[in-house]
Every structure is written in structure tokens, then in C-alpha cells.
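User: Please take a close look at one helix in this structure and explain how it sits among its surroundings. I am in my first year, so plain steps are welcome.

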Amino acid sequence: VKPFDINNLIHRMEALLRLSTDRAGEDPVANMPAAGAAKREVQRRVSRRENFALAYLELLSIREFAHHYGEEARSKAIRHMGRALQKAGEKLPEGTFFAGHMGGGHFVAVLPTDKAAPYCELVRQVWLQHLRPLYESIGRAQAYAAASRGESSVPLLDVLVCLTIRDPKEVAAPHELFEILSQLRTKAAVTRKGGIHIDRRAKNG
């Protein structure tokens with residue numbers, strides 16, 4: 001019987017996970033990796049026993065936005081968000097950053113643990129800086145002004161971020177990470193506001 005080689009197993013798993021040339025690999029709306037590719041990336045890092053941070057980012061009020069301003073405006077907002085995620089990750093060490101679109105107004109980012117919180121802050125900053133130009137680009141400058149003054153029934157698009165950090169000693173599977181983020185999101189949703197919510201068990205590496 002051949003001895004068990006964990007490194008060989010990991011490499012084989014990685015090879016299988018990288019076989020993702022189907023349509024699920026790229027999202028045409030956000031122009032970034034789609035849900036399937038994002039899940040594979042998380043699985044890949046778990047398989048390699050890496051320490052990493054996983055962030056869930058949500059565009060709040062995207063349904064109301066689409067209802068009032070149309071699907072094309074919605075798609076443009078999603079593309080703006082995708083660019084914000086990519087821009088915020090430009091200066092992170094090569095190979096440590098991944099961002100993907102999970103569908104609708106939902107995104108995830110895989111990050112180095114010590115850069116995760118600053119990255120989330122930067123995403124919100126970039127988004128807020130581009131929010132007014134977004135509304136102007138869809139011909140809704142007056143709607144932006146009214147919402148900014150609190151005079152609109154349609155709230156401004158905002159970004160909610162939930163962040164957890166994987167500790168290989170405590171979390172063994174990707175679904176556990178997503179479950180933690182789901183719990184954070186449920187608690188954060190009560191406020192109906194954007195912001196950054198960090199898993200209290202998470203510690204910077």
C-alpha cells in the first residue's frame with residue numbers, strides 16, 4: 001500500500017476545483033467571477049489550510065432602486081460595485097485577493113487577514129465617492145439630491161459588509177464560514193443601514 005500523501009491530495013483537489021471554464025465561472029453583469037468561482041476559491045484556500053479573511057458585501061436597497069429606475073440602472077450599480085471591490089484590492093499582495101459576484105446585490109471577497117478591515121473600509125469609501133456620479137449617469141441627479149436630504153421614499157444605495165477570519169484550528173469547511181457571515185448579516189439587517197460588521201471571534205493574523 002502506498003503511503004498517504006496529503007500534499008498530493010491537496011494538489012489533486014486544487015486541479016479539480018480549477019476546472020471551472022463553464023458559464024458559472026464569470027458573471028457578465030458585474031464583469032467579475034461568479035458564485036461558482038467564488039465558492040471554489042474559498043474551497044481552494046481551505047484545502048491549502050490557509051489563514052484568510054472572508055467578507056460578504058451587499059448593496060442595500062438594490063431592489064427598490066431597480067423598481068424605480070429600471071433594470072439597466074440596476075446592472076450599472078452592480079458594475080460600479082464590482083469596480084469598487086476591484087479598485088480597493090489593487091494594492092493587496094498578488095495572489096492574496098479574490099472578489100466575486102454571488103448574484104443580485106451580493107458579493108464576496110477573500111483577503112489577507114491583516115488587510116481585511118482596511119479593505120472593507122476602503123470599499124465603502126470608494127463606493128460613497130462614486131455614488132453621486134452613478135446617479136448622474138442614469139439621469140437621476142435630482143433623486144440623489146432628494147435622497148441625500150432624506151426627502152425620498154427610495155433610500156440611497158448603501159454597502160453592508162460582514163467580515164470573518166478563518167482560523168484553521170476552529171473552522172474546517174467553507175460552509176461554516178458562509179454560515180458565520182449569514183448570522184452576521186441577519187443581525188446587521190436589523191439596522192437597515194450600511195456599515196461594517198466583524199465577527200467578534202475573528203482575530204487579525
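Analyst: What follows looks at helix α3 and then at the parts around it. The model is a predicted one.

Helix α3 covers residues 62-69. Which of its residues are buried? They are Ile-62, Phe-65, Ala-66 and Tyr-69. These four lie on the same side of α3, because they cover an arc of only 95° around the axis. A general rule helps here. An α-helix has 3.6 residues a turn, so residues three or four places apart point the same way. On the other side of α3, Arg-63 and His-67 are exposed. The helix thus has a buried side and another side with exposed residues. After the helix comes Gly-70, with a positive phi near 100°.

What do the buried residues of α3 pack against? Their partners are strand β3 (52-60) and the helices α4 (71-88), α5 and α6 (141-148). Helix α3 also takes part in the largest nonpolar core, which has 37 residues. At least two residues of this core come from each of β3, α3, α4, β5, α5, α6 and β6. Helix α5 gives the largest share, eight residues. Leu-57, Met-81, Leu-85, Leu-111, Tyr-119 and Leu-157 are the members that touch the most other members.

Leu-157 leads back to α3. Leaving out residues up to four places away in sequence, Leu-157 touches Ile-62 and Phe-65, among others. Its other contacts include Leu-60, Ser-61, Ala-77, Trp-127 and Leu-131. A second core, separate from this one, has 17 residues, including Ala-38, Val-42, Leu-54 and Leu-184.

Helix α5, one of the partners of α3, spans residues 116-137. Arg-124 is part of α5. Is Arg-124 buried or exposed? Its relative accessible area is 17%, so Arg-124 counts as buried, the limit being under 20%. Apart from neighbours within four places in sequence, Arg-124 is in contact with Asp-158, Val-159, Val-161, Gly-194, Gly-195 and Ile-196.

Strand β3, another partner of α3, belongs to an open sheet of five strands. The order is β4-β5-β3-β6-β7, and the pairing is mixed. At the edges are β4 (98-103) and β7 (195-198), each of which pairs on one side only. On average, neighbouring strands of the sheet are turned by 20° against each other, direction ignored. Strands β4 and β5 (residues 106-111) run antiparallel and are joined by five bridges. Within this pair, Ala-99 stands opposite Ala-109 in β5. Helix α2 (residues 35-47) packs on the sheet, where α2 touches β3, β4, β5 and β6 (158-166). The direction of α2 makes about 135° with that of β4.

One last point concerns the cysteines. How many disulfides does the whole structure have? The search finds zero. The sulfur of Cys-120 has its closest cysteine sulfur in Cys-162, 9.4 Å away, which is too far for a bond because a disulfide needs the two sulfur atoms within 2.5 Å. Cys-120 is buried, with a relative accessible area of 0%. Cys-162 is also buried, with a relative accessible area of 0%.

Note on methods
Residues numbered from 1 in each chain as written. Predicted model: local features only at pLDDT ≥ 70, side-chain atom pairs only at ≥ 80, totals over all residues. Heavy atoms only, no water. Buried < 20%, exposed > 50% of the residue type's maximum accessible area, 1.4 Å probe, protein only. Contact = heavy atoms within 4.5 Å. Arc of directions from axis to C-beta. Pairing = 2+ DSSP bridges. Axes fitted to C-alpha atoms, helices over the stretch in contact; angles between N-to-C directions. Core = buried A, V, L, I, M, F, W, Y, C linked by side-chain atoms within 4.5 Å.
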